[in-house]
Amino acid sequence: MERDEFIKSLGFGLALVCSGSCFQGCGGKGDTGTPEPNPNPNPGGSTASVNLASQLLAVGDQATANGVLFFRVAAGNTSSAFVATEALCPHQQGSLVWKQALNKIQCQLHFSEYSTNGTVLQGPQNTTGNTRTLKIYATAISNNTLTATIT
Ligand code: FES
């Protein structure tokens, strides 16, 4: 084999190796509608807080902080008066809101609904895929600060 032919054959082989790697790298997964295992942007063990002197004053009030949705379900500043959960829906990251009149957490994108303990009451509407149970975070109150520990 001549030197030029050898180099050309090396180039062709190298091109095959490179394109194989690229195809493998680009072979991303499609949107299957499968719930994200942990859509929360926060790593486990971090916290989120709200100031009870100015937030969540009335039953039904809600606020988000650090990827956590907080809402008040009863009067008084005890942990049992509040719920802290994920701010984004596990299905496709729609915003979750507390609907006091319905006593449900509702996704604003495909209208999945959840109870205050995170149980799925209704799955995504007019779309594909499923959701999962919401994470409910433990809360603690110190002075006027309500803190959720993100797990
Ligand atoms: S993003 Fe919430 S139901 Fe689809």
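A residue is called buried when its relative accessible area is under 20%. In this predicted model, serine 112 has a relative accessibility of 1%, and it therefore counts as buried, since that value falls under 20%. Serine 112 sits in the loop that runs between β6 (104–107) and β7 (113–114). Once its neighbours within four places in sequence are set aside, serine 112 is in contact with Ile105, Gln106, Cys107, Gln122, Gly123, Pro124 and Thr131.

The next residue in the chain, glutamate 113, leads to the charged pairs. Glutamate 113 is also buried, with a relative accessible area of 9%. Its partner in a salt bridge is lysine 104, and the closest N and O atoms of the two are 3.0 Å apart. Lysine 104 has a relative accessibility of 24%, so this residue counts as partly exposed. The bridge thus joins a partly exposed lysine to a buried glutamate.

How many salt bridges does a search of the whole structure find? The search finds 2. Besides the pair just described, the side chains of arginine 132 and glutamate 86 meet in a salt bridge, with a distance of 3.0 Å from N to O. Arginine 132 belongs to the loop between β8 (120–122) and β9 (138–142), whereas glutamate 86 belongs to strand β4 (residues 82–86); the pair therefore ties together parts that are 46 residues apart in sequence. Are arginine 132 and glutamate 86 buried or exposed? Both of these residues are buried.

Aromatic rings offer another kind of pairing, and the count here comes to 1 aromatic pair. This pair consists of phenylalanine 71 and tryptophan 98, whose ring centres are 4.2 Å apart. The angle between their planes is 10 degrees, and because planes under 30 degrees apart count as stacked, the pair is described as stacked. Phenylalanine 71 lies in strand β3 (residues 68–72) and tryptophan 98 in strand β5 (residues 96–99), so the two rings tie together parts that are 27 residues apart in sequence. Phenylalanine 71 and tryptophan 98 are both buried.

The path ends at the loop between β2 (62–65) and β3, where glycine 67 is found. Glycine 67 has a relative accessible area of 24% and is partly exposed. What separates glycine 67 and isoleucine 150 in sequence and in space? They are 83 residues apart in sequence, while their C-alpha atoms are 9.1 Å apart in space.

Note on methods
Residues are numbered from 1 along each chain as its sequence is written. This is a predicted model: local features need pLDDT of at least 70, side-chain atom pairs count only at pLDDT 80 or more; totals for chains, interfaces and linings use all residues. Side-chain values use heavy atoms; hydrogens and water are left out. A salt bridge is a side-chain nitrogen of Lys or Arg within 4 Å of a carboxyl oxygen of Asp or Glu. Helices (H or I, at least four residues) and strands (E, at least two) are DSSP runs, numbered from the N terminus. Buried means under 20% relative accessible area, exposed over 50%, partly exposed in between (1.4 Å probe, protein chains only). Contact means heavy atoms within 4.5 Å. Rings of Phe, Tyr and Trp (its six-membered ring) pair if their centres lie within 6.5 Å; planes under 30 degrees apart count as stacked, over 60 as edge-to-face and the rest as tilted.
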